[in-house]
Amino acid sequence: MHNKAAALLAAVVLLWGMNRTVTKIIVASVPPIWATAIRAVIAVTALVLLQLATRTLVLPKRKDLPILCVVALFHMVLFAIFMAMGLQ
């Protein structure tokens, strides 16, 4: 179990570290907003498919949607757009 956790941690660190490099390459040919949109579509698709495959998909409650949207907008979307603009 320890080796699996270490391998997962290494994968996360590697992918997270590549984030800015890949974004810099992408924004050389695509505007930052489109780069963010493309990344979001790929991520959402991959995560939903993974959760469907593992039967762990949980839909949020209706009352949680406003806070979920605020967090998504400020933490994920705007951060990614501003980062892409900064790397452009």
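Student: Leu68 is found in helix α3, but what makes a run of residues count as a helix here?

Tutor: Helices are DSSP runs of H or I with at least four residues, strands are runs of E with at least two, and both are numbered from the N terminus. This is a predicted model, in which local features need pLDDT (the predictor's confidence in each residue, from 0 to 100) of at least 70, side-chain atom pairs count only at pLDDT 80 or more, and totals for chains, interfaces and linings use all residues. Residues are numbered from 1 along each chain as its sequence is written, and side-chain values use heavy atoms, with hydrogens and water left out.

Student: Why is Leu68 called partly exposed?

Tutor: Its relative accessible area is 44%, and partly exposed is the range between buried, under 20%, and exposed, over 50%, with a 1.4 Å probe and protein chains only; therefore Leu68 is partly exposed.

Student: Why, then, is Asn19 called buried?

Tutor: Asn19, which lies in helix α1, has a relative accessible area of 17%, so Asn19 is buried. Not counting residues up to four places away in sequence, Asn19 touches Arg39 and Met83, where contact means heavy atoms within 4.5 Å.

Student: How do you know that the span of helix α2 agrees with its number of residues?

Tutor: The expected span is 1.5 Å times one less than the number of residues, so the 23 residues of α2 (residues 32-54) should span 33 Å, and the end C-alpha atoms are 33 Å apart, which agrees. In α2, Pro32, Ala35 and Thr36 are buried, and the buried residues of this helix pack against α1 (2-27) and α3 (65-87).
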